[in-house]
Amino acid sequence: MDGVIDILDRQFAQLFDGWQDVIQELNSESIYRKLNANSRSLSCGEHIVRSARIVEQTFGGITANLWDDPFEWTLPETLATRESVLDYLREVEATRRRGFELIKTEEDLTKEIVAASGPTQLFSLLLDTLLRAGHHLSCAQEALDNSNSKLRTEN
């Protein structure tokens, strides 16, 4: 039977796989294109980058006590191509893996850490990160599906 750490690790790895799947479906011109130009909703790329930023912030905090929001280095102007987004996603995944190397036992999950939002239990922080990052991945997948539907309708 898998332990809680293995399950969490797999869930985060699935996020990474999902990010890559969405970005691979896009080209550099469509990463940040919104389905409706007048909409306030985010593009596929914006959702993917936000999802990755959430994971990066959590694991940057766990590994280096760096809880800064990675907003500045994840702007569309900085991550303008599919390859640059994929490189960023690989960096986030590497940081996440380093973070999981620090979690040795399930008892470690019960430890209280001081996150950007204040003291919290590590397990709660990881669950919150999964939920928030997963939400943005789901939104990106939905936006991609809607975009593909619109293209099929137009053709």
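How many bridges join strand β1 to strand β2, and do the two strands run parallel or antiparallel? Keep that in mind while you find the strands in the structure above. There are 4 bridges between β1, residues 112-115, and β2, residues 118-121, and the strands run antiparallel. Before we go on, please remember that we are looking at a predicted model.

Let's stay with this pair for a moment. Together β1 and β2 make a hairpin, with 2 residues between them. If you want to find one of the bridges yourself, start at alanine 115: its partner in β2 is glycine 118.

Now look at threonine 120, which sits in strand β2. Buried or exposed? Threonine 120 has a relative accessible area of 19%, and the cut-off for buried is under 20%, so this residue counts as buried. Setting aside neighbours within four places in sequence, threonine 120 is in contact with Lys111, Glu112, Ile113, Ala115 and Leu125. You can also look for threonine 110: it is 10 residues from threonine 120 in sequence, and their C-alpha atoms are 9.4 Å apart.

Let's move to the helices, starting with the core. As a general rule, in soluble globular proteins nonpolar side chains tend to be buried together. Here, the largest nonpolar core has 39 residues, and the members that touch the most others are Trp19, Leu89 and Leu126. Four helices each give two or more residues to this core: α1 (4-24), α2 (44-64), α3 (82-101) and α4 (122-154). Which of them gives the most? That is α4, with 9 residues.

Take leucine 89 as an example. Leaving out neighbours within four places in sequence, leucine 89 contacts Phe16, Trp19, Gln20, Ile23, Ile48 and Ala52.

Next, how do α1 and α3 sit relative to one another? Their axes come within 10 Å and cross at roughly 175 degrees. An angle over 145 degrees counts as roughly antiparallel, which means that α1 is roughly antiparallel to α3. On the α1 side, the contact includes Phe12, Ala13, Phe16 and Trp19. On the α3 side, Leu89, Glu93 and Phe100 are among the residues taking part. What kinds of residues make up this contact of α1 with α3? They divide into 12 nonpolar, 2 polar and 5 charged.

One of those α3 residues is worth a stop: glutamate 93, in helix α3. With a relative accessibility of 5%, glutamate 93 counts as buried. Apart from residues up to four places away in sequence, glutamate 93 touches Phe12, Ala13 and Phe16. There is also a partner to find further along the chain: valine 55 is 38 residues from glutamate 93, yet their C-alpha atoms are separated by 8.5 Å.

That brings us to helix α2, where I have three residues to show you. Serine 51 lies in α2. How accessible is serine 51? Its relative accessibility is 0%, so serine 51 counts as buried. Not counting residues up to four places away in sequence, serine 51 touches Leu15, Trp19, Ala133, Gly134, His136 and Leu137. You have met Trp19 already, as one of the core members that touch the most others.

Arginine 53 is in helix α2 as well. Arginine 53 is buried, with a relative accessible area of 15%. Which residues does arginine 53 contact, leaving aside neighbours within four places in sequence? They are Asp69, Pro70, Phe71, Thr74 and Tyr88.

The third one in α2 is threonine 63. Threonine 63 is partly exposed, at 31% relative accessible area. Beyond residues up to four places away in sequence, threonine 63 touches Thr95, Arg98, Gly99 and Leu102. Thr95 is 32 residues from threonine 63 along the chain, with 7.7 Å between their C-alpha atoms.

Last stop: asparagine 65, in the loop between α2 and α3. Buried or exposed? At 58% relative accessibility, asparagine 65 counts as exposed. Have a look at the backbone here too: phi of asparagine 65 is near 55 degrees, a positive value in a residue that is not glycine.

That's my tour. Thanks for listening, and do turn the model around yourselves!

Methods: Residues are numbered from 1 along each chain as its sequence is written. This is a predicted model: local features need pLDDT of at least 70, side-chain atom pairs count only at pLDDT 80 or more; totals for chains, interfaces and linings use all residues. Side-chain values use heavy atoms; hydrogens and water are left out. A nonpolar core is a set of buried Ala, Val, Leu, Ile, Met, Phe, Trp, Tyr and Cys residues joined through side-chain atoms within 4.5 Å. Buried means under 20% relative accessible area, exposed over 50%, partly exposed in between (1.4 Å probe, protein chains only). Contact means heavy atoms within 4.5 Å. Two strands pair if DSSP finds at least two bridges between them. Axes are lines fitted to C-alpha atoms, for helices over the stretch in contact, and angles run from 0 to 180 degrees between N-to-C directions. Angles under 35 degrees count as roughly parallel, over 145 as roughly antiparallel, 65 to 115 as roughly perpendicular and the rest as oblique. Ala, Val, Leu, Ile, Met, Phe, Trp, Tyr, Cys and Pro count as nonpolar, Asp, Glu, Lys and Arg as charged, and the others, Gly among them, as polar.
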